[in-house]
Amino acid sequence: MSISELDDGLDQEPPIWAIFGDLMTGLVGVFVLLLVWTLGFQLELSQTLEQEIQKREVAEQRRQALEAALADPLATGRVTLRDGRIGISGSVLFSLNSAELQEEGRALLHTLRAPLQVYLTDSEQLLMVSGFTDDLPIQQGNLHFSDNWELSAQRALTVTRALIEEGMPPSVVFAAAFGAQQPVVANADSESRSQNRRVEMAPVPRVSGDKAALSSGP
């Protein structure tokens, strides 16, 4: 190989500045992609944060509306609020060993129905109405109930039906009975037994099938 042929071979290799230029172009491209991804991630994060703030504001408004409806009965001791469950004294709703709703109880349910329904609709939850009794057996001569299980079940059904009559959709409320189980205090005297004779209303989550039926409508 002659010297001139060697020079021609060297002249055919790509210049170093061209390789450097391609490398820088590639780096700039990667930088631009990272910048776009970062901006997109920040935008998505900002939107998610804003949606979460809006959800909390709506939840706070629901809570305030429910608290406003409960303020008077809470102050007068007709209602208790424990661990998210609304407890209504049995003496407000029913006379002893009876499942017939008293006028005072019906008036209280009337004031609670609307804010409860708004809360349940917004949170996509159901309302469980639970009946409880004290540990004393059913009085002799009472032909309506065989035991405390039956009495608590009928009281829960009475409250559930009253809420439906007030306008609560039947699809969002159901009844449950606990008899003398789950007392809030020990059944030691008449005062403690009075506390245990109660009806509780508690929001509970829907199962996935219920949510699908709710979203699809009738």
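Helices and strands here are DSSP runs, numbered from the N terminus, with at least four residues for a helix and at least two for a strand. Keep in mind that you're working with a predicted model.

**Exercise 1. Get the overall layout.**
Find how many helices and strands the protein has, and in what pattern they follow each other.

*Solution.*
- Step 1: count the elements. You should get seven helices and five strands.
- Step 2: walk along the sequence. The pattern reads α-α-β-β-α-α-β-α-β-α-β-α.
- Step 3: look at the contacts between residues at least 6 apart in sequence. Of these, 69% join residues at least 24 apart.

**Exercise 2. Explore the largest nonpolar core.**
Work out which elements supply the core and which residues touch the most other members.

*Solution.*
- Step 1: pick out the residues. The core has 28 of them, and Ile 88, Leu 109, Leu 127, Val 129, Leu 163 and Met 201 touch the most other members.
- Step 2: trace the suppliers. At least two residues come from each of α2, β2 (85-89), α3 (90-93), α4 (103-123), β3 (125-132), α5 and β5 (198-205). Top of the list is α4, which gives five residues.
- Step 3: zoom in on Met 201. Leaving out residues up to four places away in sequence, its contacts include Ile 88, Leu 109, Leu 127, Val 129 and Leu 163.

**Exercise 3. Buried or exposed?**
Decide whether Ser 152 is buried or exposed, then describe its surroundings.

*Solution.*
- Step 1: locate Ser 152. You'll find it in helix α5 (residues 148-166).
- Step 2: check the area. The relative accessible area of Ser 152 is 0%, and buried means under 20%, so Ser 152 is buried.
- Step 3: list the contacts. Beyond neighbours within four places in sequence, Ser 152 is in contact with Gly 131, Phe 132, Thr 133, Ala 177, Phe 178 and Gly 179.
- Step 4: look closer at Gly 179. Its backbone nitrogen lies 3.0 Å from a polar atom of the Ser 152 side chain.

**Exercise 4. Track down two positive phi angles.**
Say where Asn 97 and Glu 124 sit, and how buried or exposed they are.

*Solution.*
- Step 1: take Asn 97. It isn't a glycine, yet its phi is positive, about 60°. Asn 97 belongs to the loop between α3 and α4.
- Step 2: check the area of Asn 97. At 14%, it falls under the 20% cut-off, so Asn 97 is buried.
- Step 3: turn to Glu 124. Its phi is near 55°, again positive in a residue other than glycine. Glu 124 lies in the loop between α4 and β3.
- Step 4: check the area of Glu 124. With a relative accessible area of 38%, Glu 124 is partly exposed.

Note on methods:
Residues numbered from 1 in each chain as written. Predicted model: local features only at pLDDT ≥ 70, side-chain atom pairs only at ≥ 80, totals over all residues. Heavy atoms only, no water. Buried < 20%, exposed > 50% of the residue type's maximum accessible area, 1.4 Å probe, protein only. Polar contact = N/O pair within 3.5 Å; in protein donor to acceptor, adjacent residues only side chain to side chain. Contact = heavy atoms within 4.5 Å. Core = buried A, V, L, I, M, F, W, Y, C linked by side-chain atoms within 4.5 Å.
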